[in-house]
Amino acid sequence: MQDWFRNWFNSPYYYQLYANRNEKEASEFIHTLIHYLKPNQGAKMLDAACGKGRHSIQLAEMGYDVTGIDLSENSISEAKKSENANLEFYVHDMRLPFRINFFDYVFNFFTSFGYFQSQRENDAVIRTMASALKPNGFLIIDYLNVHYAKRHIEPDYKKKVGDINFKVSKWQDDTHFYKKIIVEDPHAGAPLIYSEKVAKFSLGDFTDMLAYRGLQIKEIFGDYQLNPYSLYQSPRLILLAEKIRISN
């Protein structure tokens, strides 16, 4: 499963499988979050692991200066169609530094973290996001709540999109959640197999990782309505952290 995300996130099948993700919920979350944060007009924002840029585009439409980065060339190619004077996109590996001390806010939405093979790589992502922030800038990480997800892991399922069949199986161990996606596309010949793997990072794990990079957690939310975080009842773990010192 090493670097599984390179093939899967760059595949057209990824967006076909997840085409029905709740756009209304995502839009309402951005509005709720911005109402809470109250950024200055024109604030510089980084959307790390932006995909095709749905959050970036919305933030730019609200008047902010937004940059989106993602490892997927296909996703960025699509996102670039929406570029304008205050919205730009780049193919970039978020394990590598990007614009030091430049942004007022850095966002990492929709569990776009915890993918990597080693803890060193995960820490490199935190380093990138921390170093990209100006002093006293804010990082927002939207992650799954491990304690909730362990109890509510979805059953295996099948899905048909046009003439393409998807078979999705899920499981977990002590440290990760896993998915196996089998794609049966009559135009592709033999079935294609993709994987997902996400680390079971808890609030304590994030507290340690962020503190090491000079970030202090200021607020913890449990869902997209920004309700308080509950260890076993909240579906999400949404962290707001401030850069209080220069990262190591």
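Here is a friendly set of questions and answers about ring pairs and charged contacts in a predicted model.

User: How many aromatic pairs does the structure hold?

Analyst: Welcome! Let's begin with the rings of this predicted model. Rings of Phe, Tyr and Trp pair if their centres lie within 6.5 Å. The number of such aromatic pairs in the structure is 30.

User: Are the planes of the Phe107 and Phe109 pair stacked or edge-to-face?

Analyst: The two ring centres are 5.2 Å apart, and the angle between the planes is 10°. Planes under 30 degrees apart count as stacked. Phe107 and Phe109 are both buried. Their aromatic pair is stacked.

User: How many residues apart in sequence are the parts that Phe113 and Phe201 tie together?

Analyst: Phe113 and Phe201 form a tilted pair, with 5.8 Å from centre to centre and 40° between the planes. Phe113 belongs to the loop between β4 (103-108) and α6 (119-132), while Phe201 belongs to the loop between β9 (192-199) and α8 (203-212). The pair therefore ties together parts whose separation in sequence is 88 residues.

User: Is Phe201 buried or exposed?

Analyst: Buried means under 20% relative accessible area. Its partner Phe113 has 0% relative accessibility and counts as buried. For Phe201 the value is 9%, so this residue counts as buried.

User: Which residues do ring pairs link into a cluster?

Analyst: Good one to trace in the 3D view. Ring pairs can join residues into a cluster, and here the linked members include Trp4 and Trp8. The full cluster is Trp4, Phe5, Trp8, Phe9, Tyr13, Tyr14, Tyr15, Tyr18, Tyr115, Phe116, Phe166 and Tyr194.

User: Which residue has its charged end over the ring of Tyr15?

Analyst: Tyr15 is one of the residues in the ring cluster. A charged end sits over its ring, 3.9 Å from the centre. Elsewhere, Arg54 lies over the face of Phe110, 5.6 Å from the ring centre. Over Tyr15, the residue is Lys52.

User: What is the distance between the closest N and O atoms of Glu28 and Lys24?

Analyst: The structure holds 15 salt bridges, and Glu28 with Lys24 is one of them. Both residues lie in helix α3 (residues 23-37), 4 residues apart, which is about one turn of the helix. Glu28 is partly exposed at 39% relative accessible area, whereas Lys24 is exposed at 57%. Their closest N and O atoms are separated by 2.5 Å.

User: Which strand holds Lys44, the salt-bridge partner of Asp65?

Analyst: The side chains of Asp65 and Lys44 meet at 3.1 Å, N to O. This pair links distant parts of the chain, 21 residues apart, with Asp65 in strand β2 (residues 65-70). Asp65 is partly exposed, with a relative accessible area of 25%, and Lys44 is partly exposed at 24%. The strand that holds Lys44 is β1 (residues 44-48).

User: What is the relative accessible area of Glu88?

Analyst: Glu88 lies in strand β3 and pairs with Arg99, in the loop between β3 (87-91) and β4, 11 residues apart. Their side chains meet in a salt bridge at 2.9 Å, N to O. Arg99 is partly exposed at 28%. Glu88 is partly exposed too, with a relative accessible area of 24%.

User: Which residues do salt bridges that share partners join into one network?

Analyst: Salt bridges can share partners, and here that sharing makes one network. Its members are Arg6, Asp93, Arg95 and Glu121.

Methods: Residues are numbered from 1 along each chain as its sequence is written. This is a predicted model: local features need pLDDT of at least 70, side-chain atom pairs count only at pLDDT 80 or more; totals for chains, interfaces and linings use all residues. Side-chain values use heavy atoms; hydrogens and water are left out. Rings of Phe, Tyr and Trp (its six-membered ring) pair if their centres lie within 6.5 Å; planes under 30 degrees apart count as stacked, over 60 as edge-to-face and the rest as tilted. Buried means under 20% relative accessible area, exposed over 50%, partly exposed in between (1.4 Å probe, protein chains only). Helices (H or I, at least four residues) and strands (E, at least two) are DSSP runs, numbered from the N terminus. A charge sits over a ring if NZ of Lys or CZ of Arg is within 6 Å of the ring centre and within 35 degrees of the ring normal. A salt bridge is a side-chain nitrogen of Lys or Arg within 4 Å of a carboxyl oxygen of Asp or Glu.
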